[in-house]
Amino acid sequence: MSVRVRCNRCNEIATIQDSVEDSAEFKTLYCTCNNHECGHAFVTHLTFSHTLSPSALDFTTEMMGKLRQMNRQQQRELFASLT
């Protein structure tokens with residue numbers, strides 16, 4: 001899936017001309033509207049919000065084995081208790 005940025009002036013798709021990764025969770029995007037009648041050039045930000053499902057890379061092999069033995073409801077309850 002690619003990122004689609006829309007112009008906040010005319011609502012047309014814009015092209016990301018350049019980007020700067022300020023951190024692992026924050027990126028600055030330099031955009032230009034594709035509508036030639038508009039031509040708006042602007043900066044927008046792409047930021048990490050929150051995790052919906054943890055990465056398997058965050059768990060040891062032993063932990064993954066134990067998680068696989070749990071049903072989905074048990075897994076949800078476990079992760080809910082951690083937040």
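## Sheet, core and selected residues

Strands β1 (residues 5-6) and β2 (residues 13-23) pair in the antiparallel sense, over 2 bridges. The model is a predicted one. Within this pairing, V5 stands opposite A14 in β2. The two strands form a hairpin, with 6 residues between them.

N11 sits in the loop between β1 and β2. Its phi is near 70°, a positive value in a residue other than glycine. Most residues other than glycine have a negative phi. N11 is partly exposed, with a relative accessible area of 48%.

**The sheet**

How many strands form the open sheet, and in what order? There are 4 strands, in the order β1-β2-β3-β4, and the pairing is antiparallel. The edge strands are β1 and β4 (41-47), each of which pairs on one side only.

β2 and β3 also form a hairpin, with 2 residues between them. One facing pair here is S23 and F26, the latter in β3. Between β3 and β4, C31 stands opposite F42 in β4. The bridges along the sheet are set out below.

| Strand pair | Sense | Bridges |
|---|---|---|
| β1 and β2 | antiparallel | 2 bridges |
| β2 and β3 | antiparallel | 8 bridges |
| β3 and β4 | antiparallel | 7 bridges |

**The nonpolar core**

Which residues make up the largest nonpolar core? It has 7 residues: V5, C7, A14, L29, C31, C33 and F42. Strand β3 gives the most to this core, with 3 residues. In soluble globular proteins, nonpolar side chains tend to be buried together.

Two facing pairs of the sheet recur in this core. V5 and A14 are both core members, and V5 stands opposite A14 across the β1-β2 pairing. C31 and F42 are also in the core, and C31 stands opposite F42 in β4.

C7 is another core residue. Leaving out residues up to four places away in sequence, C7 touches E12, A14, C33, C38, H40 and F42. Among these contacts, A14, C33 and F42 belong to the core.

**T28 in strand β3**

T28 lies in strand β3 (residues 26-33). Is T28 buried or exposed? T28 has a relative accessible area of 8%, so it counts as buried, the cut-off being under 20%. The T28 side chain makes a polar contact with the side chain of D22, at 2.5 Å. Beyond its neighbours within four places in sequence, T28 is in contact with D18, S19, V20, D22, V43, T44 and H45. D22 therefore appears both in this contact list and as the polar partner of T28, a buried residue.

**E21 in strand β2**

E21 is placed in strand β2. E21 is exposed, with a relative accessible area of 55%. Not counting residues up to four places away in sequence, E21 touches F26 and K27. F26 is in β3, where S23 stands opposite it. E21 and S55 are 34 residues apart in sequence. In space they are 21 Å apart, C-alpha to C-alpha.

**Q75 in helix α2**

Q75 is located in helix α2 (residues 72-82). Q75 is buried, with a relative accessible area of 16%. Which residues are in contact with Q75, leaving aside its neighbours within four places in sequence? They are L67, R68 and M70.

Conventions
Residues numbered from 1 in each chain as written. Predicted model: local features only at pLDDT ≥ 70, side-chain atom pairs only at ≥ 80, totals over all residues. Heavy atoms only, no water. Buried < 20%, exposed > 50% of the residue type's maximum accessible area, 1.4 Å probe, protein only. Polar contact = N/O pair within 3.5 Å; in protein donor to acceptor, adjacent residues only side chain to side chain. Contact = heavy atoms within 4.5 Å. Core = buried A, V, L, I, M, F, W, Y, C linked by side-chain atoms within 4.5 Å. Pairing = 2+ DSSP bridges.
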